[in-house]
Amino acid sequence: MSDLDVLLQEDRSFPPPPQFSAQAHTAGADIYRDAARDPDAFWARMARELTWIEPFTRVLDWKPPHAQWFADGTLNASANCLDRHVDGPRRNKAAIVWEGEPGDRRTLTYWDLYREVNLFAKVLDRLGVKKGDRVAIYLPMIPEAVVAMLGCARVGAVHSVVFGGFSPESLRDRINDSRCKLLITADRGYRRGQVVPLKRNADRALEETPSIENVIVVRRRPGAEGDLAFPEIVEGRDHWWHRLMHDAEHDGESFVREPEAMNAEDLLYILYTSGTTGKPKGIVHTTGGYMTGVAATTKYVFDLKDEDVYWCTADIGWVTGHSYIVYGPLAVGATCVVYEGAPDWPDKDRFWQICERYGVTIFYTAPTAIRAFMKWGTEFPARRDLSRLRLLGSVGEPINPEAWMWYHEHIGGGRCPIVDTWWQTETGAIMITPLPGVTATKPGSATVPFPGVSAALLDSLGKEIPEGGGLLALTRPWPSMLRTIWGDDDRYVQTYFSKWEGRPDLYFPGDGAKRDADGYYWILGRVDDVLNVAGHRIGTMEVESALVDHPAVAEAAVVGKVHELKGQAIAAFVTLRSGHQPSGELRDELREHVAEKIGAIARPDDILFSADLPKTRSGKIMRRLLRDIAEGRALGDTTTLADPGVVASLKEQYEHQE
Ligand code: WT7
């Protein structure tokens with residue numbers, strides 16, 4: 001049975017609990033109707049909930065496919081996350097409640113965070129970082145990561161956060177693509193009890209990053225001097241974070257660094273994400289529209305209140321961390337739990353222990369994690385008091401109905417609404433989602449567009465499909481949309497706004513979806529050559545390039561295959577250069593090679609050696625057939641193949657591999 005058929009059979013529906021609806025931000029108003037009447041006016045209203053230095057008078061300038069929002073206004077993102085809270089009752093409220101994997105803990109109030117960010121902004125000034133300069137951030141999940149991002153925003157520098165699990169080469173390429181001037185890293189991070197030597201990895205990248213003038217290094221574990229992961233410090237280039245902060249604090253002046261007045265359309269950050277070519281795209285987000293989108297969705301999708309303790313388990317290296325650990329929750333003045341490590345360290349109840357310890361009320365995680373919890377069993381959440389939870393969220397990949405039901409029952413105690421939120425790095429903020437006090441949910445459906453967002457299901461010719469399966473499209477611009485791809489506006493136009501001929505106003509996210517009779521969307525996943533492995537986006541071409549970079553490999557084709565926990569797993573089909581023989585060792589070596597080149601998240605699960613790859617007569621690799629083989633299905637149509645025998649022998653080998 002196909003995914004579509006399974007979903008078509010899902011007919012359970014959960015109306016919002018009346019007590020939840022009565023207390024929600026949405027109570028007493030119909031924001032769907034308001035927004036539908038005049039989406040631009042709705043977004044302008046949301047934008048006015050931010051604090052502007054110079055208020056905007058223009059809302060949307062739309063010259064498809066380029067949009068500008070609130071373009072004559074000025075504001076500062078860090079001032080919206082901090083300054084406006086420290087003059088009021090939130091001044092002494094916990095902003096960040098942090099826990100490191102080894103068990104170290106820190107709480108920063110809004111005032112603490114305000115002070116640290118100001119000091120760090122002064123550090124940036126002293127290192128000559130100016131408005132518009134790019135700064136790379138390669139840090140573990142520690143409070144300094146938030147301070148670094150907000151410090152950049154304060155001085156108007158553009159941050160480019162690179163996930164700490166990415167390899168030195170991936171870091172190098174991202175630094176070079178946007179010519180970052182400064183790198184902020186740490187001596188180490190922790191993952192499943194292991195030390196991740198970030199500075200050492202960074203040093204390998206820094207051998208080939210001519211634009212970097214300075215490196216700031218956070219000492220994650222004071223007292224670790226002399227151990228194996230302790231980094232070298234290059235005189236003149238590398239600086240300890242704590243020394244710079246100490247100097248800024250004792251410079252004889254006020255600690256306050258006034259926030260830079262940024263135009264709404266000035267860049268806030270770049271975040272790299274995988275696409276269908278080998279080269280990741282630098283997604284560009286600007287200030288006013290982005291902050292509007294994340295603040296509005298945080299308020300209404302998570303129904304965030306001052307009393308809440310909110311925890312998003314993502315890493316700051318992904319967009320979820322940017323929008324829903326840093327900018328959205330802090331803009332609305334929330335208390336956010338930030339946790340550094342793995343869910344099963346030292347034991348499989350770590351997340352539930354954290355929920356109990358801090359009294360988490362809103363919990364946002366990914367389906368791949370939920371499926372792992374399911375597999376581990378209900379005893380782990382049952383050990384802890386989860387009764388404070390009132391709302392659950394899901395993001396990153398389609399959530400299968402069984403995982404949804406398990407989450408609802410065993411984590412949410414049957415009482416918490418679940419918001420399944422569909423969005424992307426490019427959309428900046430949540431696009432399709434229930435509103436927890438308003439929308440009835442169905443397990444497996446992200447339900448309907450957020451107010452002010454317009455979606456449609458289209459066929460390949462751009463004809464609307466009211467009910468059934470098709471291509472997802474966003475049909476109106478929205479404030480937090482990407483503005484371009486760094487250094488490659490043509491690719492922006494080609495990738496996102498050229499799917500339907502003559503319609504540069506239609507955004508194509510790369511996902512397929514189904515729409516049911518109630519107009520609910522059921523996201524089916526990517527329809528391009530992009531994989532979603534455990535909620536991480538990986539381009540097949542990136543993995544293929546990493547494989548052919550190995551001296552033994554002549555040609556490689558990579559496909560995703562269904563995986564019980566990860567959603568998708570990576571299967572690679574490889575042909576070898578003459579003189580190289582298939583072997584178990586070579587298979588392991590190739591898997592490691594990919595992990596080294598890209599990062600552990602891209603390590604293929606399966607590698608199959610083959611004398612040849614199935615190609616059409618015009619030389620295109622037939623991925624569809626490879627997927628059939630990897631997933632053990634009967635072969636589809638092979639009549640267009642140049643040599644149908646290749647597939648039959650591949651299938652045979654795949655079934656017999658150990
Ligand atoms: C892709 C975007 C958005 C933050 C995390 C991933 C898939 C995301 C859902 C969801 C089904 C989802 C899509 C999308 N996706 N959320 N709720 N249901 N699929 O951001 O790395 O930019 O990946 O993740 O395929 O295109 P990203």
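Which residues does arginine 191 touch, not counting residues up to four places away in sequence? The close-ups below start there, and every one of them shows a predicted model.

**Close-up A. Arginine 191 and the residues it touches.** Here's the answer: leaving out residues up to four places away in sequence, arginine 191 touches Glu101, Val196, Gly341, Ala342 and Pro343. Arginine 191 itself sits in strand S9, which covers residues 189-191. It counts as partly exposed because its relative accessibility of 38% falls between the 20% and 50% cut-offs.

**Close-up B. Glutamine 194 in strand S10.** Look along residues 194-196 for this strand, and you'll find glutamine 194 in it. With a relative accessible area of 55%, glutamine 194 is exposed, because the bar for that label is over 50%.

**Close-up C. The positions UniProt lists as "binding site".** An unreviewed UniProt entry puts this feature at Arg191, Arg192, Gly193, Gln194 and Thr320. Don't expect one neat cluster, though: the positions span 130 residues in sequence and the farthest two C-alpha atoms lie 24.4 Å apart, so they do not all gather at one spot.

**Close-up D. The second largest pocket and its lining.** This pocket has a volume of about 390 Å³. It is lined by 19 residues, and the closest to its centre are Arg106, Glu116, Glu144, Trp241 and His242. As for chemistry, the lining breaks down into nine charged, eight nonpolar and two polar residues.

**Close-up E. Helices around the second largest pocket.** Three helices each supply at least two residues of the lining: H6 (110-126), H7 (143-155) and H10 (241-249). Which helix gives the most to the lining? That's H10, with five residues.

**Close-up F. Lysine 620, listed by UniProt as a modified residue.** The feature at Lys620 reads "modified residue: N6-acetyllysine", and it comes from an unreviewed UniProt entry. To find lysine 620, go to the loop between strand S30 (606-609) and helix H20 (623-630). Is this lysine 620 buried or exposed? It's exposed, because its relative accessible area is 58% and anything over 50% gets that label. Setting aside neighbours within four places in sequence, lysine 620 is in contact with Pro614 and Lys615.

Definitions and conventions:
Residues numbered from 1 in each chain as written. Predicted model: local features only at pLDDT ≥ 70, side-chain atom pairs only at ≥ 80, totals over all residues. Heavy atoms only, no water. 1 Å grid on protein atoms, 1.4 Å probe; cavity = no way out; pocket = protein on both sides within 12 Å on 5 of 7 lines; lining within 4 Å. Points joined across faces, edges and corners; volume = space filled by probe spheres on them. Helix = DSSP H or I, 4+ residues; strand = E, 2+ residues; numbered from the N terminus. Nonpolar A, V, L, I, M, F, W, Y, C, P; charged D, E, K, R; others polar. UniProt positions renumbered as here; feature names shortened; annotations may be inferred. Buried < 20%, exposed > 50% of the residue type's maximum accessible area, 1.4 Å probe, protein only. Contact = heavy atoms within 4.5 Å.
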